[in-house]
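Let's walk through this one together, starting with charge pairs and then moving out to the fold and a few single residues.

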Amino acid sequence: MNEHEKKEIETKREYWVVKGNELIQKNRFELSLTEQKTIAFICSMIKKSNNAPYQLEYEFNIRDYCKVCGIDYAGGKNYKNIKTTLKHLSDRSMWLDDGESETLMRWLSYVKINKNSEKVFIEIDRTIAPFLFELKEKFTKYQLYNILAMKSAFSVRIYELLKSYAYQKNKTFDLEELKRLLEVENVKSYVRFPDFRRKVLEKAQEEINELTDLNISYKPITKGKKVIKIEFQIDTKSPIDRAIAGATANDRLNNTARN
């Protein structure tokens with residue numbers, strides 16, 4: 001990438017991702033790291049519509065998508081990989097429970113890829129639109145770069161959860177509820193707390209503190225010898241520390257997305 005192109009890509013990484021807190025805090029969804037980043041990338045393109053309540057249709061170029069997300073766009077498999085990612089996002093559905101009712105939602109309702117131009121055309125599903133568009137209260141907002149350089153899907157999910165509670169400065173989860181939100185409550189490799197701490201919590205803490213606008217720490221709360229809750233401390237970084245985190249994220253992404 002030349003300097004002009006590099007600056008343009010880094011500007012796109014500063015676009016805002018906005019999601020309703022209900023979608024983040026109450027929803028259970030199992031998305032891969034690439035799928036979570038792709039959803040955030042799509043959310044960063046969302047704009048207001050003057051002609052309808054929501055503008056659901058968007059388009060992007062696969063090469064630009066790879067550059068913004070820090071994917072090796074010279075690898076030769078990008079067309080196949082984006083097809084797989086978008087198919088999974090289109091196929092996956094989830095229940096959102098608002099206390100009174102449950103709504104089955106999907107991320108995408110339509111996907112088309114032009115083979116010659118490698119342009120992607122997508123339509124956000126209307127069922128999920130109220131949790132992504134023109135939110136005036138109870139929403140979480142962060143710049144795209146915060147999650148793009150992460151290497152753990154759990155880091156992205158925990159970052160969004162804690163970002164949605166950042167105004168409280170701390171948040172305590174029942175351990176089993178946290179596992180449920182991360183979709184690992186029935187996964188054997190996370191049954192023992194030392195394994196869950198090492199594979200999930202420590203990695204998330206490291207990546208969030210290094211790459212995002214938050215500093216977090218956590219403390220296990222025990223009953224007898226059993227860990228039953230996790231208490232998170234959540235602090236928003238100063239403007240200087242946020243800039244350092246953004247520069248670190250951009251350096252990693254630029255090193256991955258080579259020409």
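## Ground rules for the charge pairs

A salt bridge here means a side-chain nitrogen of Lys or Arg within 4 Å of a carboxyl oxygen of Asp or Glu. With that in hand, take Arg192 and Asp195: their closest N and O atoms sit 3.0 Å apart, so the pair makes the cut-off of 4 Å and counts as a salt bridge. Keep in mind that this is a predicted model.

Side chains of opposite charge can pair when their charged atoms come close. In this structure, that adds up to 15 salt bridges.

## A small network around Asp195

Asp195 doesn't stop at one partner. Arg198 also forms a salt bridge with Asp195, this time with 3.4 Å between the closest N and O atoms. Put the two pairs together and you get Arg192, Asp195 and Arg198 linked in a network of salt bridges. Asp195 and Arg198 share helix α9, which covers residues 193–211, and they are three residues apart, or about one turn of the helix. Arg192, on the other hand, belongs to the loop between α8 (175–181) and α9.

Which member of the network is buried? That's Asp195: its relative accessible area is 16%, and buried means under 20%, so it qualifies. Arg192 has a relative accessibility of 49%, which makes it partly exposed. Arg198 is also partly exposed, at 49%. One more number for Arg192: Leu33 is 159 residues away from it in sequence, and their C-alpha atoms are 23 Å apart in space.

## Another pair on helix α9

Further along, Glu207 forms a salt bridge with Lys203, and here the closest N and O atoms are 3.9 Å apart. Both residues lie in helix α9, four residues apart, which is again about one turn of the helix.

Is Glu207 buried or exposed? Its relative accessibility is 3%, so Glu207 counts as buried. Its partner Lys203 comes in at 29% and is partly exposed.

## The chain as a whole

Stepping back, the chain has ten helices and ten strands. Its radius of gyration is 19 Å, close to the 18 Å that the globule rule gives for 259 residues, so the chain is as compact as a globular protein of that length. Along the principal axes, the C-alpha atoms fill a box of roughly 65 × 45 × 35 Å.

Of the 259 residues, 44% are buried. If you look at contacts between residues at least 6 apart in sequence, 67% of them join residues at least 24 apart. As for the surface, the chain exposes about 13800 Å², with carbon and sulfur atoms supplying 46% of that area. On the charge side, there are 47 positive and 38 negative charges, and their mean positions lie 3 Å apart.

## Glu160 and Thr172

Glu160 is in helix α7, residues 153–164. With a relative accessibility of 3%, Glu160 is buried. Which residues does Glu160 touch, once those up to four places away in sequence are set aside? They are Lys19, Ile24, Thr140 and Tyr142.

Thr172 is found in strand β8, residues 170–174. At 33% relative accessibility, Thr172 is partly exposed. Leaving aside neighbours within four places in sequence, Thr172 is in contact with Ile221, Lys229, Ile230 and Glu231. Pro220 is 48 residues from Thr172 in sequence, and the two C-alpha atoms are 9.6 Å apart.

## Two lysines with positive phi

If you like checking backbone angles, have a look at Lys138 and Lys169. Phi of Lys138 is near 55°, a positive value in a residue other than glycine. Lys138 lies in the loop between β6 (119–124) and β7 (139–143). How accessible is the residue? Lys138 has 66% relative accessibility, and exposed means over 50%, so Lys138 counts as exposed.

Lys169 has a phi near 75°, again a positive value in a residue other than glycine. Its place is the loop between α7 and β8, and at 43% relative accessibility Lys169 is partly exposed.

Notes:
Residues are numbered from 1 along each chain as its sequence is written. This is a predicted model: local features need pLDDT of at least 70, side-chain atom pairs count only at pLDDT 80 or more; totals for chains, interfaces and linings use all residues. Side-chain values use heavy atoms; hydrogens and water are left out. The radius of gyration is taken over C-alpha atoms; the globule rule is 2.2 Å times the number of residues to the power 0.38. Buried means under 20% relative accessible area, exposed over 50%, partly exposed in between (1.4 Å probe, protein chains only). Contact means heavy atoms within 4.5 Å. Accessible areas come from the Shrake-Rupley method with a 1.4 Å probe; for residues, only the protein chains shown count as cover. Lys and Arg count as positive and Asp and Glu as negative; His and the chain ends are not counted. The place of a charge is taken as NZ of Lys, CZ of Arg, CG of Asp or CD of Glu.
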